[in-house]
Amino acid sequence: MSPNLMALYCRTSLVALLCFYHLQTFGQGVDLLNNNKKIITRYIDVVINGHNLDRMGEFFQAGYTWHTMDGKDVNTSKDSGHTTILRWLFNAIPDVHYTIDNIEAGGDMVGITTTATGTARSEMFGLPAAQKKVRYRQMFFYRLKDGKISDQWEVVDGDGIKAQL
């Protein structure tokens with residue numbers, strides 16, 4: 001290969017590499033994706049597994065939207081529905097613990113699958129307190145903006161929980 005052709009090849013390769021480096025899923029974008037994963041992992045550890053609802057503000061924007069399974073979008077700055085559900089969960093299954101099975105990030109989104117375990121100690125879904133161990137799967141999707149969660153979607157295996165009570 002001639003020296004001129006080799007120099008052109010090297011310059012072209014360098015330009016291509018620099019272009020890829022600035023894609024969101026490469027180079028600096030990888031840092032953003034990893035940071036978003038860390039935020040979600042920390043939220044699960046601190047708020048859910050630590051049962052620290054008073055620390056939700058560290059992870060959620062003031063006007064975040066909670067997209068419920070029934071298709072309703074709840075603006076949580078006006079409605080504390082999300083916090084109410086978590087308070088209910090912590091009462092019903094006081095030792096609830098989420099284990100993150102998978103976590104993926106792309107763009108401003110993070111998706112996780114979790115396995116939740118604990119002992120049902122109070123009424124759930126109209127069924128009496130069972131004092132039974134439960135284990136169920138869930139999926140959560142989060143949109144992050146400025147380092148905080150701006151949207152959350154979730155799918156929880158409610159039928160799986162009921163079948164165990």
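1. A quick definition before anything else: helices (H or I, at least four residues) and strands (E, at least two) are DSSP runs, numbered from the N terminus. On that basis, the protein has four helices and six strands. Keep in mind while reading that this is a predicted model.

2. Here is the overall layout. Going along the sequence, the elements come in the order α-α-β-β-α-β-β-β-β-α. The protein has 165 residues, and 36% of them are buried. If you take the contacts between residues at least 6 apart in sequence, 54% join residues at least 24 apart. The accessible surface adds up to about 9600 Å², with 57% of that belonging to carbon and sulfur atoms.

3. Now for the inside. The largest nonpolar core has 33 residues, and the members touching the most others are Tyr 43, Tyr 98, Tyr 136 and Tyr 142. Two or more residues come from each of helix H2 (28-49), helix H3 (81-92), strand E1 (60-67), strand E4 (109-120), strand E5 (132-145) and strand E6 (148-156). H2 is the top contributor to this core, giving seven residues.

4. Tyr 142 is worth a click in your viewer. Setting aside neighbours within four places in sequence, Tyr 142 is in contact with Ile 40, Tyr 43 and Ile 44, with Asp 108, Met 109, Val 110 and Ile 112, and also with Ile 149, Asp 151 and Gln 152. One of those partners, Tyr 43, is also among the core residues that touch the most other members.

5. On to strand pairing. E4 and E5 run antiparallel to each other, paired over twelve bridges; one place to look is Gly 118, which sits opposite Val 134 in E5. E5 also pairs with E6, again in the antiparallel sense, over eight bridges. Two bridge pairs you can check there are Met 139 with Val 155 in E6 and Lys 145 with Lys 148 in E6. E1 and E6, by contrast, pair in the parallel sense, over four bridges, and Thr 65 stands opposite Asp 151 in E6.

6. What joins E5 to E6? The two strands form a hairpin with two residues between them, and Asp 146 is in the turn. Phi of Asp 146 is near 55°, so the value is positive in a residue that isn't glycine. As a reminder, most residues other than glycine have a negative phi. Asp 146 counts as exposed because its relative accessibility is 72%, where the cut-off for exposed is over 50%.

7. His 51 deserves a similar look. This residue lies in the loop between H2 and E1, and its phi is positive too, near 55°. Is His 51 buried, exposed or partly exposed? With a relative accessible area of 27%, His 51 is partly exposed, since that class runs between the 20% and 50% limits.

8. Last, a point about the surface. Met 69, Met 139, Phe 141 and Val 155 make up a nonpolar patch there, with about 350 Å² of accessible area together. Met 139 belongs to strand E5 and counts as partly exposed because its relative accessibility is 35%. Its bridge partner in E6, Val 155, is in the patch as well. On the strand side of things, side chains in a regular strand alternate between the two faces of the sheet.

Methods:
Residues are numbered from 1 along each chain as its sequence is written. This is a predicted model: local features need pLDDT of at least 70, side-chain atom pairs count only at pLDDT 80 or more; totals for chains, interfaces and linings use all residues. Side-chain values use heavy atoms; hydrogens and water are left out. A nonpolar core is a set of buried Ala, Val, Leu, Ile, Met, Phe, Trp, Tyr and Cys residues joined through side-chain atoms within 4.5 Å. Buried means under 20% relative accessible area, exposed over 50%, partly exposed in between (1.4 Å probe, protein chains only). Contact means heavy atoms within 4.5 Å. Two strands pair if DSSP finds at least two bridges between them. Patches are made of residues with over 30% relative accessible area and no salt bridge: like charges are joined within 9 Å, nonpolar side chains (Val, Leu, Ile, Met, Phe, Trp, Tyr) within 5 Å. Accessible areas come from the Shrake-Rupley method with a 1.4 Å probe; for residues, only the protein chains shown count as cover. A salt bridge is a side-chain nitrogen of Lys or Arg within 4 Å of a carboxyl oxygen of Asp or Glu.
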